[in-house]
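Student: I have a protein chain to go through, and I would like to work from its pockets to its helices and then to single residues. Could you take my questions in that order?

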Amino acid sequence: MSHHSDSPARTVTADQGLSLRPVDAEGFLTLVDEFIGIYSAAMRYPAEQASGRRQLWEQHALRAGFSCVAVFDRSGHPVAFAYGYSGRRGQWWNTEVARGVRGTPAEAWLADYAELTELHVRPDHQGQGLGERTLRAFLASRTEPQVLLSTPEGDNRAWRLYRRLGFQDVLRSYRFTGDGRPFGILGLVLPV
């Protein structure tokens, strides 16, 4: 997940030239390169590292329960977005998290959940409350009883946002296969 605002959420208004709206799977596929650009900038990844995300994100758009919300500027370009889908057995992320919670009370989180896959704000638009506004819109679109996400460990805007909204620890300092960084797996009972 990306960096987020420390400030309270501000209303995205027409006078700021920004609008928040849902994006369907077809629209997501049309905008995927712009979303990857936001992801790369927010996470400070080199473009070539992020370009490998395209095929994966295209597959995500076809999953059951896919939803996306984005904030657009006056020219119609996205400056923030969140997307996810219904978590299911057999999906890579579900399999990885199941390995970490197997045999613990936290295993119940995997029974019926939405996975918040990505939430990012373009760096030049951070600090305006867009991360929180985008996240709240995504959460409001979900019908599952809970949402799960993973985010790299560390004291940053993402963690502060998730804590402010009430996300709780499911797993801490977890390592996904193929990634040596520690992640926190966080969960939130819906609705917010």
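Tutor: The questions below deal with pockets, helices, backbone angles and single residues.

Tutor: This is a predicted model, in which local features need pLDDT of at least 70, side-chain atom pairs count only at pLDDT 80 or more, and totals for chains, interfaces and linings use all residues. Residues are numbered from 1 along each chain as its sequence is written, and side-chain values use heavy atoms, with hydrogens and water left out.

Student: What is the volume of the largest pocket?
Tutor: Rolling a probe the size of a water molecule over the atoms shows where empty space is left. On a 1 Å grid over the protein atoms alone, a pocket is an open set of points where a 1.4 Å probe fits, with protein on both sides within 12 Å along at least five of seven lines; lining residues have an atom within 4 Å of a point. Grid points are joined across faces, edges and corners, and a volume is the space filled by probe spheres set on the points. For the largest pocket this gives about 610 Å³.

Student: Which residues are the closest to the centre of the largest pocket?
Tutor: The lining of the largest pocket has 27 residues. They divide into 14 nonpolar, 7 polar and 6 charged (Ala, Val, Leu, Ile, Met, Phe, Trp, Tyr, Cys and Pro count as nonpolar, Asp, Glu, Lys and Arg as charged, and the others, Gly among them, as polar). Closest to the centre are R53, W92, W93, E118 and S150.

Student: Which element gives the most to the lining of the largest pocket?
Tutor: Helices (H or I, at least four residues) and strands (E, at least two) are DSSP runs, numbered from the N terminus. At least two lining residues come from each of α1, α2, α3 (53–60), α4 (92–101), β4 (114–121) and β5. The most, 5 residues, come from β4.

Student: Which residues line the second largest pocket?
Tutor: The second largest pocket holds about 160 Å³ of space. Its lining divides into 3 nonpolar, 2 polar and 3 charged residues. These are R89, G90, N94, A98, R102, E107, L110 and A111.

Student: N94 is in that lining; with which side chain does the side chain of N94 make a polar contact of 3.0 Å?
Tutor: N94 belongs to helix α4 and is buried, with a relative accessible area of 5%; buried means under 20% relative accessible area, exposed over 50%, partly exposed in between (1.4 Å probe, protein chains only). Not counting residues up to four places away in sequence, N94 touches R88, R89, L110 and Y113, where contact means heavy atoms within 4.5 Å. A polar contact is a pair of N or O atoms within 3.5 Å; within protein, one must be able to donate a hydrogen and the other to accept it, and residues adjacent in sequence count only if both atoms are side-chain atoms. The partner at 3.0 Å is Y113.

Student: Which elements do the buried residues of α4 pack against?
Tutor: In α4, the buried residues are W93, N94, E96, V97, A98 and V101. They pack against β4, β5, β6 and β7.

Student: Why do the buried residues of α6 lie on the same side of the helix?
Tutor: In α6 (residues 157–164), A158, W159, L161 and Y162 are buried. They are on the same side because they cover an arc around the axis of only 160°, the arc being that of the directions from the helix axis to the C-beta atoms.

Student: Which residue caps the N-terminal end of α6?
Tutor: At the other end, α6 is followed by G166, with a positive phi near 100°. At the N-terminal end, a side-chain oxygen lies 3.0 Å from the backbone nitrogen of A158. That oxygen belongs to N156.

Student: R44 has a positive phi although it is not a glycine; is R44 buried or exposed?
Tutor: The phi of R44 is about 60°, and R44 is found in the loop between α1 (25–43) and α2 (47–51). With a relative accessible area of 65%, R44 is exposed.

Student: Is Q146 buried or exposed?
Tutor: Q146 is found in strand β5 (residues 146–152). Among the residues that Q146 touches are W109, Y113 and L190, not counting residues up to four places away in sequence. At 13% relative accessibility, Q146 counts as buried.
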